[in-house]
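Student: Could you take me through one part of this model closely, please? I would like to start from a helix pair and work outwards.

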Amino acid sequence: MPLSITNNITYSQKIGRKFTRRHDLNSTKRLHIATTALFAMINHQWGTISAMAKQYNVSRTFIYALASTLTEMDSVLFGTTVQYTESKFKAFQYMLSLRLEGRCSIQATSTIMNRFQISPNATGSISQYLTYFGSLLSNTLSSNSNETKIVVFLSDEIFSKNTPILVTVDADSSAILRIELADSRKAEEWKHHWQCLEENGIYAAYLVCDEGTGLCAAQKEALAEIARQSDTYHAIAHVFGVWVERLEKAAYGAIETEDKCFKNLDSARSEKVISKRIDQFEIAQKAATEAIALYDAFQFLYSCLLEQLRVFNVNGTLRNREEAEENIKISLNLIDTLGNKALSASANKVRRTLPELFNYLDVAKKVMKKLEQRGLDQNVLCALCLAWQWNKGTIKAKKASRRQQCIQNEHNSLEFTIGHLQEEYENVKEQVYEELDQIVQSSALVECINSIIRPYLDNSKNQITQETLNLIMFYHNHRRYIAGKRKGKTPIEILTGKKQDKDWTELLFEIVEQKDPSFFNFSQ
């Protein structure tokens, strides 16, 4: 791969390799190696580079560097360059598209490119090129010039086996702001993570994250001046959600046991057996009654907890923070009365999140104050707020029935506003939704990023590198959404407000050419 010598040393030193000066490779031998390599690359003689690497006991990168130097001298002395053909440019596009858009493994990418006779197609070459592209990319976004960007940070940890990957995402655009392989997920790692963002002109309006020890400790030290919003999903649904299904299953199991004991009464003949089976039936009946009562009571209390997390109540007015906190406490106290130790332990876990659980309502209060200053009719504003909330429910709904219910409720709320706003409807709705999107309760968007990264981790057997993460970040930030509320836009467009006219592969090649002008002077 045509790495410059400087880049090669930097990259190799980064991963801990040692370099020694080979005095046996004099100038004549180096010129011979460079000439042979360049001739092989121009004439597509595959395997020559690897053969020379073995013959002279040097790395392929060293050979490419010599060939690159020779090409540069050729340009200086004779004013000529060997340019990439269009087919080779397309080859790299195929390579990147298969690996990132197609989420193919290196082996699968090689197989597909080989089938269609697209070169380079060897797994080693593909891996080296992709690594090189990733090494030229940053793992941190930068704001333009001296501009300061203030966004909502969604921070979380993804794991490649036991190695943590620290990720921070912009809540509005879904752009990955920084992604890095870390030695640990302790507070110091997160403090450095956010410091790098600030050094690049990106600051947090507030932070949304789960209750990770390192995350919380780092926020108190590095981002103490901003509020931390506990992830409402992890605080409530993640803690209690599993119990709904678990208790329902237990109730149905108890009902089946009761029914089985009842049927067994018919086959009893002696008084002793009849008496014994009646006792069994009564015990099973009592257990079923208790299981059903526990399930019904918990399901009701769980729904009450979720209701308090909604930004707006049923008539579209902003929920009062103090009332919501008090209602949560009452529901948790009632859960304690159910007599289930495991549920009480979960309730205590939720209580610990209460100080930061409703910080989003303080943000919502500021947003609503700004919207009220627009002079909209109060009933129209309430209807739009309610419609926005149902729209959020549609996005989060996992079951089709729930999704359809949310869609219908949003439609019903918007019907009222259409009659009042008429031709201004679309514009006003878009503006109100955009303002309300500043209210962020959950870091669930990071889970979406996790789902994007996970296939690469899986098909690389979790042997992920920072260079690969850089590539994934660049691809995600510059790829165009084909569905959802961001349809037709790229994350970077939403974040910067500037239109992206080029495909992400073209933008990547521009960076490669800028950082290594000699790269595109080869035809390999």
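Student: Is the crossing in which H6 passes H7 left-handed or right-handed?

Tutor: Happy to take a look! This is a predicted model, where local features need pLDDT of at least 70 and side-chain atom pairs count only at pLDDT 80 or more, while totals for chains, interfaces and linings use all residues. Residues are numbered from 1 along each chain as its sequence is written, and side-chain values use heavy atoms, leaving out hydrogens and water.

The crossing of H6 and H7 is right-handed (the near helix is turned clockwise from the far one by less than a right angle; anticlockwise would be left-handed). Helices (H or I, at least four residues) and strands (E, at least two) are DSSP runs, numbered from the N terminus. Two packed helices are described by the angle between their axes and the distance between the axes. For H6 (residues 106-115) and H7 (residues 123-135), the angle is about 115 degrees and the axes are 9 Å apart. Axes here are lines fitted to C-alpha atoms, for helices over the stretch in contact, with angles from 0 to 180 degrees between N-to-C directions.

On the H6 side, Ile 106, Gln 107, Thr 109, Ser 110 and Met 113 meet Thr 123, Ile 126, Ser 127 and Leu 130 of H7, contact meaning heavy atoms within 4.5 Å. By class, that contact has four nonpolar, five polar and no charged residues (nonpolar: Ala, Val, Leu, Ile, Met, Phe, Trp, Tyr, Cys and Pro; charged: Asp, Glu, Lys and Arg; polar: the others, Gly among them).

Another pair to set beside it is H15 (residues 359-372) with H16 (residues 378-396), whose axes come within 11 Å and cross at roughly 140 degrees. That makes H15 oblique to H16 (under 35 degrees is roughly parallel, over 145 roughly antiparallel, 65 to 115 roughly perpendicular, and the rest oblique). The crossing of H15 and H16 is right-handed. Met 368, Leu 371 and Glu 372 in H15 meet Gln 378, Leu 381 and Cys 385 in H16, a contact of four nonpolar, one polar and one charged residues.

Moving on to the strands, five of them form an open, mixed sheet ordered S3-S2-S1-S4-S5, where pairing takes at least two DSSP bridges between two strands. Its edge strands are S3 (176-181) and S5 (228-230), each paired on one side only. S4 (residues 202-209) and S5 run parallel, joined by three bridges, and Val 208 stands opposite Gln 229 in S5.
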